[in-house]
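User: Hi! I'd like a close look at a single part of this model, told as one connected story. Here is what I have open on my screen.

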Amino acid sequence: FDRGVLAGALLVGALASVGCQLAWGALGSVLSSRLGGRARPRDLRLVWGAASFPQVFVLLLLPVDITVAGPAAFTAAPLRDSIVTAWAALSVAVGTALGAWSAWLFLRGMEVATNLRLRRAVVVTLGAALCISGVLGASVWAGTLVVSSPPS
């Protein structure tokens with residue numbers, strides 16, 4: 001466990017989130033119009049941001065996790081006792097529930113923002129997942145180019 005790595009992961013995650021949100025604003029309006037809906041890019045970005053709000057609570061859990069369970073909760077090392085293990089399990093469950101809530105808010109927001117029925121809003125939401133995969137995949141690809149480039 002390294003606090004620098006944690007801070008770097010949070011920074012990279014924030015930058016990737018903003019990149020995905022911007023890409024979704026551009027691509028989501030095209031996708032929704034092809035499915036018969038109408039959505040402005042700024043409305044789609046607003047839905048993305050609003051649906052991400054529950055993730056703030058996940059970030060608030062982070063210092064509590066480090067305090068209660070210690071840095072070992074973020075490594076492959078075995079946890080020291082049953083209370084720490086129970087806390088780590090509860091933290092994972094709460095994080096998963098908050099992720100599901102975010103996904104639900106995003107789906108319902110897409111339904112409203114695009115003026116589409118639920119089934120088509122699901123397709124639009126899957127388009128957002130592909131957008132995330134594309135942005136993260138491009139980031140990983142760019143990172144491998146930087147790491148593997150020969151020194152000058």
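In which helix does L90 lie? Please start from there and walk me through that part.

Analyst: Happy to. The model is predicted, so please read every value below as computed from predicted coordinates. L90 lies in helix 4, and helix 4 covers residues 82–114. With a relative accessible area of 45%, L90 is partly exposed, because that class takes in values between the 20% limit for buried and the 50% limit for exposed. For a distance to check on your side, take A77, which is 13 residues away from L90 along the chain. The C-alpha atoms of L90 and A77 are separated by 18 Å.

Let's turn to the nonpolar surface that helix 4 helps to make. A nonpolar patch of about 690 Å² is formed by F53, V56, F57, L60, W101, W104 and L105. Helix 4 supplies at least two residues of this patch, and so does helix 3, which spans 55–68. One of the patch members, L60, has its place in helix 3. The relative accessible area of L60 is 52%; exposed means over 50%, so L60 counts as exposed.

Helix 4 also carries a salt bridge within its own length. The side chains of R108 and E111 meet at 3.4 Å, N to O. Both residues lie in helix 4, and they are three residues apart, about one turn of the helix. The two partners fall into separate exposure classes: R108 is partly exposed at 39% relative accessible area, while E111, at 18%, is buried. The label for E111 follows because buried means under 20%.

The structure holds two salt bridges, and the other pair is R40 with D43, whose closest N and O atoms are 3.0 Å apart. Here both partners are partly exposed: R40 has a relative accessibility of 45%, and D43 has 22%. The value for D43 is not under 20%, so D43 does not count as buried.

Now for the helices that helix 4 meets. Helix 2, made of residues 41–51, has an axis that comes within 8 Å of the axis of helix 4, and the two cross at roughly 160°. That makes helix 2 roughly antiparallel to helix 4, because angles over 145 degrees are given that label. Helix 2 passes helix 4 in a right-handed crossing.

Helix 5, residues 118–148, is another partner: the axes of helix 4 and helix 5 come within 9 Å and cross at roughly 115°. Helix 4 is therefore roughly perpendicular to helix 5. This crossing of helix 4 and helix 5 is right-handed.

Last comes the loop between helix 4 and helix 5, where N115 is found. The backbone of N115 deserves a look in your viewer: its phi is near 60°, a positive value in a residue other than glycine. N115 has a relative accessibility of 67%, and it counts as exposed because that value is over 50%.

To pull the picture together, helix 4 shares a nonpolar patch with helix 3, holds the R108 and E111 salt bridge, runs roughly antiparallel to helix 2 and lies roughly perpendicular to helix 5.

Definitions and conventions:
Residues numbered from 1 in each chain as written. Predicted model: local features only at pLDDT ≥ 70, side-chain atom pairs only at ≥ 80, totals over all residues. Heavy atoms only, no water. Patch = residues over 30% accessible without salt bridge, like charges linked within 9 Å, V, L, I, M, F, W, Y side chains within 5 Å. Areas by Shrake-Rupley, 256 points an atom, 1.4 Å probe, with all protein chains shown as cover. Salt bridge = Lys/Arg side-chain N within 4 Å of Asp/Glu carboxyl O. Helix = DSSP H or I, 4+ residues; strand = E, 2+ residues; numbered from the N terminus. Buried < 20%, exposed > 50% of the residue type's maximum accessible area, 1.4 Å probe, protein only. Axes fitted to C-alpha atoms, helices over the stretch in contact; angles between N-to-C directions. Parallel < 35°, antiparallel > 145°, perpendicular 65-115°, else oblique. Left-handed = near helix turned anticlockwise from the far one by under 90°.
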